[in-house]
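The report below works through charged pairs, overall make-up, covered and open segments, and enclosed space, in that order. Please read it alongside the sequence and the coordinates.

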Amino acid sequence: MSESLERSANIGALKEPALKRLCELLDRTSSRGWRRLGEMVSGDRRFKVSSDEMELCSLRVLKLEGSPSRMLLGIMGERGCTMGHLHDYLQAMGNSEAVQCLKQPGLQILIQPQSVSVVSGHNLRLSCYAVGKSPVQYQWFKRSEEVPNGSLPDLVISPVCLKDAGFYICRVNSGEAFEFSQWAQVDVLDVGKSYGQSFLSLEGRLRLVLQPQAQRLLVGDTLQLECGAVGRPIPRYQWHRNGVPLPNASQRRLTISHVMQDQCGKYRCEISSSSERTWTNEVDVGIGPRISVEFSEAMECSEDDFYGIGAGAGEIDTNEGAEELYATDKVALLIGNLSYLNHPPLKAPMVDVYDLTNLLRQLNFKVVSLLDLTESEMRNAVDEFLLLLHKGVYGLLYYAGHGYENYGNSFMVPVDAPNPYHSANCLCVQSVLKLMQEKQTGLNVFLLDMCRKRNIHDDTTPNIVLRVTANIVFGYATCQDAEAFELNSSGFTNGVFIKFLKKRLLDDEKITVVLDRVAEDMGQFDATRGKQALEIRSSLSERRALTDSILPGDSADLALAQNRQWAKAHELPESMCLDFDCGAQIKMGFAAEFSNVLVIYTHIVKKPSDMSFCQAHVTNFSQELDVDPKEMNRETPEETGIYLVSHSLPQHCLYTRLSSLQKLQEELVFTVCLQGTFSGLGDDPVHWAKSVNIGKPLIARLDLHRAMRRNSCLQTCSMPHSPSHSPTHSPSHSPGAKRHLHLYQGHQDRSHGRLSPHCLSPYWDAYEPPRGAAGGQVDSYYDNVEPWDQNPRCDSAAGPPGSPARPSIPIETSDDIDELQAVFINSLQLQQP
């Protein structure tokens, strides 16, 4: 970047690390600090700062981590102050250390690769250009693998084919400095030969190449429509039925399981890019009733007649006489506990729950995904889960967090569990299974991503009598009396179990076959070989698979009531526009990251012509939600902790993340504040405020905050305490000493890895690819890669004195991509190609 171009950039473009360092210097220096800078700027008519604004800046010191300098620089940036102006001010003040913060870094990426959708057989080009103080080197990666011959600024694949679809990133090196480009998603469409080469010269423009096809279905069938367009940037999709947008239908492929007759109609998809929009053809989807055939006692027919009638009704499958298995419904409860109050925090459960949610939805499961539940909230969540179960339902419970196993019974540890804890403070998995059996479920699957070490402080002996049924499958992330592991770094990614499970979960195989293959995959993972192995327990006697179709049973009214109960936990507030008396208009939208995590985003869509400055923010949330004001109304989703759905949120908004919605006791009421200044009326801002009530969003409708309402789960989980329990002892998910093991990744230096027990999950933080619109599988997190540890999903506090403490590190919109391989982490840590 040239010196003149650098000076002309607005100070708002200053990167966060440099801005943070600059604010620290100006905040602590009196004679050459922010007050002196404000005095100089107040005399400049271009960026004049009033005395009232200086007073507001000074009040920032009353807030935790508040920075007067940051507020002052923000005001200056809004009024057009450039890096050159700021440089001159700081130099005139004699603050040479602050001037150094403005200097251009030794390496900067000028051109980022862009996501693109292309037709198979055409050419693909991704570009990344950077400048540095020394010669720049490039290396392209597809997910975790280096792209052969990918050492040039332009990555060209000619011709591109379906296997080239995925996510790409470029690592740029200049001397010892290195940077990574943003992720670029490549969607490759197979449209046959009929389209010829006409799109080769139109790669950058939006062009429709795949049209949906009309469908004729029966009630209970699965509707699948697909369309596709090419263009750069990658197109966005929104399906409509009878002219009305369908909620959560923003992928190229539209799938609706178990269609009903009222879902027939005319379907089409709106496809858009940054500046273009087009529509697919409108296609008819007809849905007819499923005919049943009844025979009276007087009716006689041959076997051939019977199969002839049945086949005509679409009811009988005559393929080799095999019986097709069905679920009357599919329901999943996913719980990830990570922010423990009295025990070491975890990281992977948030990502694991998010990825598993997206995969199970592809299998037509109704999914409730929850983070950080207390004991009462976990018990009430299980009760709500049980309400969705009835005869023939496939029920799946996934838990990730701290845990232990005593006498063959597994215990899930809530985030508020005391130190020490025992069975009365935890939920017994076998107790939940007993309650599920009473519902006559068709399949019970338990996926337990936790440690199974003995809790030496819990000597109670559970007395849980289970029925003899052939429909139970347990998938334990680790063996009995062993620890599960997760890898630590500064970012987020999957635990070892989900890392391999998500690659197999969509396979159309018996669930035990899927888990067997996952176990084999985990056995090949060098980092945990000999330390963690998947254990499978099953009493399944039929070929039950998670991919089985859904065929409702006889109790249609019961199913409808249960569907309504499930829908309560997933109802988002409708987007709204707020009109203020001054003539400004604010649009507010909502998104769900989990069933108990809501995202609010606001955007000013209209302001009066004479309003020179306009800003809006949300505030005054219920104290039950414990929202940190410093993490509200941020300009990027990542700043407020929104990593997993940041790709699907609209840009140029202010974002706020509200977690723990299960604690909300009343309707969610908050305030939207608008602040603006008008030309000709001075610099004093004018304020307006509106109160907004969005009811009880998502899981808040189920009132999980209440004391245990139905005592079914409580009665089966609680057991008499042993007199040997002592509140002075530490709990033991993992009573053994914390071990430090070494990772061996390829030929890299072994000192780069440190292994400590937990359900292992390779954290490839900053460079996980984002989720895109094309329907691929994606992970999306943004931090810098650091050396990584592995932590146990069991409490290392139970180890011997002197055991090192683990670092305290505190996670519904699109599909996932395959996770990047752990071996790539080490290549990033070396900071060299």
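Aspartate 526 is partly exposed in this predicted model, since its relative accessible area of 48% falls between the 20% that bounds the buried class and the 50% above which a residue counts as exposed. Its side chain takes part in a salt bridge with arginine 529, in which the closest N and O atoms are 3.2 Å apart. Arginine 529 is likewise partly exposed, at a relative accessible area of 44%.

A second pair, glutamate 535 and arginine 537, also meets in a salt bridge, with an N to O distance of 2.9 Å. Here the two partners fall into separate classes of accessibility: glutamate 535 counts as buried because its relative accessibility of 19% is under the 20% cut-off, whereas arginine 537, with a relative accessible area of 31%, is partly exposed. Elsewhere, salt bridges that share partners join Asp187, Glu226, Arg252 and Arg253 into one network.

A third pair is found within a helix, where the side chains of glutamate 24 and arginine 21 form a salt bridge at 4.0 Å, N to O. These residues are 3 positions apart in helix 2 (residues 16–28), so about one helical turn separates them. Glutamate 24 is partly exposed, with a relative accessible area of 36%, and arginine 21 belongs to the partly exposed class as well, at 32% relative accessibility. In general, side chains of opposite charge can pair when their charged atoms come close. The structure holds 28 salt bridges, and the three pairs described individually are listed here.

| Salt bridge | N to O distance |
|---|---|
| Arginine 529 and aspartate 526 | 3.2 Å |
| Glutamate 535 and arginine 537 | 2.9 Å |
| Glutamate 24 and arginine 21 | 4.0 Å |

Turning to the chain as a whole, the protein contains 16 helices and 40 strands. Of its 833 residues, 53% are buried, and the protein exposes about 36,500 Å², of which carbon and sulfur atoms supply 48%.

Helix 11 (residues 429–437) is an example of a mostly covered segment, with 8 of its 9 residues buried. The buried residues of helix 11 are Val429, Gln430, Ser431, Val432, Leu433, Leu435, Met436 and Gln437.

On the surface, by contrast, Leu110, Ile111 and Tyr129 make a nonpolar patch of about 250 Å². Leucine 110, one of the residues of this patch, lies in strand 1 (residues 107–111). With a relative accessible area of 45%, leucine 110 is partly exposed, and it therefore passes the requirement of over 30% that applies to patch residues.

The remaining topic is enclosed space, and in general, rolling a probe the size of a water molecule over the atoms shows where empty space is left. The largest cavity has a volume of about 110 Å³. It is lined by 14 residues, and those closest to its centre are Val368, Glu384, Phe385, Leu388 and Leu702. Two or more lining residues come from each of strand 22 (329–336), strand 23 (366–371), helix 10 (375–387) and helix 14 (556–568). Among the contributors, helix 10 gives the most to the lining, with 3 residues. By class, the lining of the largest cavity comprises 12 nonpolar residues, 1 polar residue and 1 charged residue.

Technical notes: Residues numbered from 1 in each chain as written. Predicted model: local features only at pLDDT ≥ 70, side-chain atom pairs only at ≥ 80, totals over all residues. Heavy atoms only, no water. 1 Å grid on protein atoms, 1.4 Å probe; cavity = no way out; pocket = protein on both sides within 12 Å on 5 of 7 lines; lining within 4 Å. Points joined across faces, edges and corners; volume = space filled by probe spheres on them. Helix = DSSP H or I, 4+ residues; strand = E, 2+ residues; numbered from the N terminus. Nonpolar A, V, L, I, M, F, W, Y, C, P; charged D, E, K, R; others polar. Patch = residues over 30% accessible without salt bridge, like charges linked within 9 Å, V, L, I, M, F, W, Y side chains within 5 Å. Areas by Shrake-Rupley, 256 points an atom, 1.4 Å probe, with all protein chains shown as cover. Buried < 20%, exposed > 50% of the residue type's maximum accessible area, 1.4 Å probe, protein only.
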